[in-house]
Amino acid sequence: MSAVLDNKSAPVAAPLHQASPGLWTLAWRRLKKDKVGMVSMVVVIFFLLMMFGSWAGIIAKNWSKEVGVSYANPAFMAGAENLEGVRKDDKAEASKVPYVDLSDIDPLAPRYKEWEERTAKIKVTETPRADTLLFGGDKWGRDVLQKAIKGAETSIFVGLVAALLATFIGTVLGAMSGYMGGKVGDALEWFYNVFTSIPYILLILAFAAVFKRGLDTIIFILAFTGWTGIYRLVRAEYIKHASREYVKAAQAIGASHSRRMFVHILPNVSHVCLVQLSQHVVQFIKAEVILSFLGLGVPVDSVSWGTMLAEAQSELVIGKWWQLAAAGISMAILVTAFSMLTDSLRDALDPKIK
Amino acid sequence: MLAYIVRRLWQMFPTLAGVVLLIFFLFNAVGGDPALVLAGKITNKEQIENIRKQLGVDQPYHVQLGYFAFEIATGFTCTYKSFTESKSPAPDAKGPAADAKAPEKKADNSTCQAVRSWATNEEVPKILTSRIGPTLTVMVPVLILETILGVILAIGVAYVRGTLTDRMIMMICTFAMSISFLVYIIVAQYYFGFKWGMFPVQGWTDSFWKNFTYYAPLPIMLAVFVGLAPALRLYRSFFLDEINHDYVRTARAKGLGEKTVMMKHVLRNAMIPILTNVGIALPGIFVGSFLLETFFSIPGLGREILVAVNRSDFPVIKAATVYLAMITMIINLAVDVAYKAVDPRVTFK
């Protein structure tokens, strides 16, 4: 035993210096040459940092504060008319209805004075509301830009976690089905067929119908309905790898089934999983936006790009386009970057391309 | 070939059984007590018990599963309760609630009662058959237009592959795909319908022709426009896969023009994966685009399912899911058989 340990530390590993670079090293080298891929990666990392910043409360902490007038104009449209944002005190004109003295028949009349005195004692601090916000305000005067950042946090978080979960489910089931085959494989194939014979949208809606609304629910629904594509690919890879020589060699040195599946084969198919993960993040962000729009997604007290779009629909009719633009553009930028990164990753990780 | 079809049909049963189990598990086990959903604000225990009895959810799960299987076997036109009660005219020992209901059912004079929606009390098979028309009115033209336009454009892009035009179009496609469908619908409905008045904002009538020529064009155009970018990207990759094959080189070597090579040789072979893709999309046209149907108030199946989800109207969702799973399986079989017609190399195992 000690001899083995000694071997590791001893400088016998000299030939390793000429060892050819592994898949990941090669992929990283290829990715670095891909300008589009690198730019996309920077954008994606920027969005992820934004998500963590917002989550940690560093940015967009005050997104729910009503800092501006209702539908405050964006800063670059300061002069534009804003009928909805008219301050309340502007309406304090004298009423045109002639005043009729009702005090002798009004049963509450004797107490008016007392109430006035009491109201005078209560101090109402009217926070000054801004007429314009950087990228406009929503109906309650919240800053749309901060809302978009907070919405990005929710949407990206849901997409990311759901994709991780779906990849995990798909990989584990695909590995078992492809590696073991036989009865286990048949059972899992049956399971897969059941899930794919129901149209995807309908499957999501059926799940949404029975579970309560919430962030954890929507992650669960997306992951539990979205693992099938990953399963298919991982299974095919495992079938291919299970009979390869290195796996037989692992068996010969006494590696257990699970060790062969997840320690020996998994690194060789992990590039498939990574590309799928990246692809599913995009898919789930889009799905989350639609579900939240329909009221089946995030709870009412949180904000996501989907709930912003739901508000934006009625706002557009009265000419307030900025919330639609904020949610739409930020989502489009992230999803474009993520899709292009996925394409670059796929090219970089494809061992056939040199 | 007949043997193949029979075997495939036979293989559908376990899958269908799985779908039924999944649906049953979701709606009867996870979905909570339907009586509470149905009763709403009623807190009267007796009333809730009555509702439970009427729905059959007071029974153990295996009995409930039997009821569900019976409903599916009759196409949701017959509940097990109404079936057994019509056979035995004197339902005794069922409690006062059942007795009170019995004469009413006999007056109906039919042996069977269809499964009814919890929200509207409409018969579920009638709901589904009446909603499928509007959905198909929109979705069939969408699928046809999308496929034809996608193939034509993809062949064009594949023809100029590698050029700046090709790369620009692919970039535009990626960007177009990344904008949410919601944004397209909101903006298009606002501008084309509300602001410029080129199309009706929303609506539907009983006349197919009026629907097809007046109400459907904007939703159809939107769906085609949004579906075109992914289709174009995918079909382009199919064409590019074919272009590198040896037979293409041979065709060029014997002096054929690039146009003939593309239209005659490459197109025919690329049609196989394209047809597969259309086959995958085909079951989707029965579900329809629930977003389009909601925005344009088209009384289609997608909107109906969405409404049912919001109302917790489980019978409608259950029936729709089972029906659509069956349709999907049959379409998949039909597509596999259709391969034979397209590709003579295909043999049935």
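Let's start with helix α3 of chain B, residues 45–55: its buried residues (under 20% relative accessible area with a 1.4 Å probe, protein chains only) are B:Ile48, B:Ile51 and B:Arg52. Looking down the axis of α3(B), these buried residues fall within an arc of 100 degrees, so they line one face of the helix; the arc is taken from the directions from the helix axis to the C-beta atoms. This is a predicted model, where local features need pLDDT of at least 70, side-chain atom pairs count only at pLDDT 80 or more, and totals for chains, interfaces and linings use all residues. Residues are numbered from 1 along each chain as its sequence is written, chains are lettered from A and ligands numbered from 1 in the order written, and side-chain values use heavy atoms, leaving out hydrogens and water.

**More on the helix**
- Right after α3(B) comes B:Gly56, with a positive phi near 85 degrees.
- An α-helix has 3.6 residues a turn, so residues three or four places apart point the same way.

**The strands of chain A**
- Strand β1(A) covers residues 68–74, and 7 of its 7 residues are buried, so the rest of the structure largely encloses it.
- β1(A) runs parallel to strand β2(A), residues 130–133, and 3 bridges join them.
- A:Pro74 has A:Leu133 in β2(A) as its bridge partner.

**Chain A as a whole**
- Chain A has 13 helices and 2 strands (DSSP runs: H or I of at least four residues for helices, E of at least two for strands, numbered from the N terminus).
- Of the 354 residues in chain A, 45% are buried.

Methods:
Buried means under 20% relative accessible area, exposed over 50%, partly exposed in between (1.4 Å probe, protein chains only). Two strands pair if DSSP finds at least two bridges between them.
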